[in-house]
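Ready for a few exercises at the bench computer? Open the structure in your viewer, try each task yourself, and then compare notes with the worked solution.

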Amino acid sequence: MLATPVQQDTALRQDELHAGVVDPDMDSMRLLSETAMKYPDALSFSSGAPHDGTHDLAKLSRYVHRYLAHLRERGVPEQRITRLMFQYGPVNGFIQDEVALMLDRDEDIVVPSDAIMITHGFQEAALIALRGLFHSPDDVLLSVSPAYVGIRGAARMLDIPVRAVTEGPNGLEPEAVAAAVRAVRAEGRRPAALYLVPDFSNPSGTVVPVDARRRLLELAAEEGFTILEDNPYGLFAKDGERLPTLKSLDTRGDVVYLGSFAKSAFPGARLGYLVADREVVGEDGTRRTLAAELSTAKAMFSVGSSSLSQAAIGGVLVEADHDLRSATRELTAVYQERLAATLDALAEHFPPERYAEHGVRWNRPRGGFFLVVEVPFEADLAAMGRSARDFAVSWAPMRMFHLEGGGERALRLGFSNLPPAAVREGIARLARFIESEARS
């Protein structure tokens, strides 16, 4: 009789995987999503989803057809249009002309089309920029802290060390950046790039003043680092409060501009862009834009961006006459209304003059999708779970956005996808949760 073979355990151990895959800090967004699915009746302040009241399936096909008509108006042969839609397209995309016009009209950013790369949203743009700019293990990414978790995740997956630069009440402060640069250089390493969201940052909603923007550009020139400017929310500034982007003030090509159509058009397109106009000189003396040079990385990450998504976004831009700022004025009003509702509801439940009693306070951003609430207890994922389960309201712990510790007693409220009535009800539920936690 044959002996039964011993079954070997073929499972991989976690320590055999890349550290970024098993790092619990990289898993926070999934946990937030799972909480939302587990408690579907909870009002969610935990995400930064854009307002979806303007979404219409009829518009989707209209935008695609509008872009195809635009190509025909420009004299593009039908056979080429068909191939563009159904076959693999150019690695860096094919709607750069439309994006260049939009950047000129909306942000006063004037760059050639070959300085633009179309990407799978911000995340791919960040991965490509980081992969291209960081070439030594001694290169360090400086990042505003707290920061959008996607930049830390991109750096972690590429084994790029990150040095936090804690923001002040008005966002990233140039002197704090200068101090971080000196500290990194003292360690024998090179600060290769600086990441920030200067307009209505995620998670804190801060805005960097224009004088500070100019000083950051001076620092980049003096110290030889690249600025990675992420600007998903600047389009929604109120009339008269718009500040120039760092890229529009950039005369040297020191800024790589990272944009997304998730907020201005629709997130399902998964489309963003990278603007990198600085010249790169090859060994043979040829010169190309940094965006063109980075196409090698783009080809290895995703080969190219969806033709259908590009056609839809191209149609959005053409229909808006490449002026998204004007086309999104109604959206801006929606977000301003929701921000005002959030601030008013917080003040109603936690009167500022009674702070000594309740220990709750918050910042007052002028726009964007988020604000930060400080609370008198540890606001971690476990607390958020109790909030969703017992009080039917969810939020995001601020500690997940801090790069080197901090935010333990603060939470981020994302109000962009909640109408004012839901905002008021959600804040009422949050108030009951906070009062319960403070008593326990």
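The exercises below go through strands, cores, a helix residue and empty spaces in this predicted model.

**Exercise 1. A strand and its two partners**

Task: Work out whether the residues of strand E7 (residues 255-260) are buried or exposed, and find the strands that pair with E7.

Solution:

Step 1. Start with accessibility, where buried means under 20% relative accessible area. By this cut-off, 6 of the 6 residues of E7 are buried, so the strand is largely enclosed by the rest of the structure.

Step 2. Now sort the side chains by direction. In a regular strand the side chains alternate between the two faces of the sheet. In E7, Val255, Tyr257 and Gly259 point one way, while Val256, Leu258 and Ser260 point the other way. Residues of both sets are buried.

Step 3. Look for the partners. Strands of a sheet pair through backbone hydrogen bonds, either parallel or antiparallel. Strand E6 (residues 226-230) pairs with E7 in the parallel sense, over 4 bridges. Strand E8 (residues 272-275) runs antiparallel to E7 and is joined to E7 by 4 bridges.

Step 4. Pick one residue to tie the strands together. Tyr257 of E7 is the bridge partner of Glu229, and Tyr257 also has Val275 in E8 as a bridge partner.

**Exercise 2. The nonpolar cores**

Task: Find the residues with the most contacts inside the largest nonpolar core, and say which helix gives the most to this core.

Solution:

Step 1. Count the core: the largest one has 62 residues. Leu130, Leu141, Val177, Leu228 and Leu274 have the most contacts inside it.

Step 2. Ask which element contributes most. That is helix H6 (residues 121-133), which gives 8 residues to this core.

Step 3. Check for another core. There is a second, separate core of 38 residues, and Leu32, Val375, Leu411 and Val423 are among its members.

Step 4. Return to Val177 and list its contacts, leaving aside neighbours within four places in sequence. Val177 touches Leu142, Val165, Leu172, Leu194, Leu216, Leu219 and Phe225.

**Exercise 3. One residue in a helix**

Task: Decide whether Val184 is buried or exposed, and describe its surroundings.

Solution:

Step 1. Place the residue: Val184 belongs to helix H8 (residues 174-186).

Step 2. Judge its accessibility. The relative accessible area of Val184 is 0%, so this residue is buried.

Step 3. List the contacts, again without neighbours within four places in sequence. Val184 is in contact with Val140, Leu142, Arg163, Arg189, Arg190 and Pro191.

Step 4. Take one of these partners and compare sequence with space. Leu142 and Val184 are 42 residues apart along the chain, and their C-alpha atoms are separated by 9.2 Å.

**Exercise 4. Cavities and a pocket**

Task: Find how many cavities of 30 Å³ or more the structure holds, and describe what lines the largest cavity and the largest pocket.

Solution:

Step 1. Begin with the idea behind the search. Rolling a probe the size of a water molecule over the atoms shows where empty space is left. The structure holds 4 cavities of 30 Å³ or more.

Step 2. Examine the largest cavity, with a volume of about 140 Å³. Its lining has 15 residues, and Glu107, Asn231, Leu235, Ser260 and Tyr273 lie nearest its centre. Helix H5 (96-107) and E7 each give two or more residues to the lining, and H5 gives the most, with 4. By class, the lining has 8 nonpolar, 4 polar and 3 charged residues.

Step 3. Move to the second largest cavity, with about 50 Å³ of space. Its lining includes Val144, Glu167, Leu172 and Thr206. The classes here are 5 nonpolar, 3 polar and 1 charged.

Step 4. Finish with the largest pocket, which holds about 670 Å³ of space. Its lining has 28 residues, with Met29, Gly48, Tyr148, Tyr233 and Lys263 closest to the centre. Helix H2 (28-38) and H6 each supply at least two lining residues, and the largest share, 4 residues, comes from H2. The lining divides into 15 nonpolar, 9 polar and 4 charged residues.

Key. Residues numbered from 1 in each chain as written. Predicted model: local features only at pLDDT ≥ 70, side-chain atom pairs only at ≥ 80, totals over all residues. Heavy atoms only, no water. Buried < 20%, exposed > 50% of the residue type's maximum accessible area, 1.4 Å probe, protein only. Pairing = 2+ DSSP bridges. Core = buried A, V, L, I, M, F, W, Y, C linked by side-chain atoms within 4.5 Å. Contact = heavy atoms within 4.5 Å. 1 Å grid on protein atoms, 1.4 Å probe; cavity = no way out; pocket = protein on both sides within 12 Å on 5 of 7 lines; lining within 4 Å. Points joined across faces, edges and corners; volume = space filled by probe spheres on them. Nonpolar A, V, L, I, M, F, W, Y, C, P; charged D, E, K, R; others polar.
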